[in-house]
Amino acid sequence: MSEWIIVAVVGVVLLFSAKKLPDMARGLGQSMRIFKAETRGMKEDDAKARTTDEPAPKPVEASAPVVEKPRETVPDEARKAE
């Protein structure tokens, strides 16, 4: 088991080089901090939305569809006569 971990670590170091690994780890850490902060902010926004005094909007009741009367069309010949 530990042999495979050593092989994986050596492979990662050879693949990405020792100079780039700290930069990649730093970038990953910053991304994780930003992600955590955003999720925390979203949870706080949800909590604020639940505690507001505004009542929840009522659901819209379905009604019969509105059907418009079709327009009367006038033939081109009748328009010219007018």
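1. Helices, of at least four residues, and strands, of at least two, are DSSP runs numbered from the N terminus. On that basis the chain of this predicted model contains 3 helices and 0 strands. Read from the N terminus, the order of elements is α-α-α.

2. Confidence should be considered before any detail is discussed. The mean pLDDT of the chain is 80, with 77% of the residues at 70 or more. Among the elements, helix 2 has the highest mean pLDDT, 89, and helix 3 (residues 76–81) the lowest, 62. Where pLDDT is low, predicted coordinates should not be read in detail.

3. How many of the residues count as buried? Of the 82 residues in the chain, the share counted as buried is 0%. Buried here requires a relative accessible area under 20%. The area exposed by the chain is about 8700 Å², and 61% of that area is supplied by carbon and sulfur atoms.

4. Helix 1, which covers residues 2–16, is 15 residues in length. From its first C-alpha to its last, helix 1 reaches 21 Å, close to the expected 21 Å at 1.5 Å a residue. After helix 1 comes S17, a residue with a positive phi, near 70 degrees.

5. A nonpolar patch lies on the surface. Its members are V12, L15, F16 and M24, and its area is about 370 Å². Helix 1 contributes the largest share of this patch, 3 residues. L15, one of the patch members, belongs to helix 1. Why does L15 count as exposed? The relative accessibility of L15 is 65%, and the cut-off for an exposed residue is over 50%; L15 therefore counts as exposed.

6. The whole structure yields 1 salt bridge. In a salt bridge, the side chains of R26 and D23 meet at 2.9 Å, N to O. Both residues lie in helix 2 (residues 20–51), and because R26 and D23 are 3 residues apart there, about one helical turn separates them.

7. Is D23, the acidic partner in that salt bridge, buried, partly exposed or exposed? Its relative accessibility is 47%, so D23 counts as partly exposed; that class takes in values between the buried cut-off of under 20% and the exposed cut-off of over 50%.

Terms used:
Residues are numbered from 1 along each chain as its sequence is written. Side-chain values use heavy atoms; hydrogens and water are left out. Patches are made of residues with over 30% relative accessible area and no salt bridge: like charges are joined within 9 Å, nonpolar side chains (Val, Leu, Ile, Met, Phe, Trp, Tyr) within 5 Å. Accessible areas come from the Shrake-Rupley method with a 1.4 Å probe; for residues, only the protein chains shown count as cover. A salt bridge is a side-chain nitrogen of Lys or Arg within 4 Å of a carboxyl oxygen of Asp or Glu. Buried means under 20% relative accessible area, exposed over 50%, partly exposed in between (1.4 Å probe, protein chains only). The expected span of a helix is 1.5 Å times one less than its number of residues. pLDDT is the predictor's confidence in each residue, from 0 to 100.
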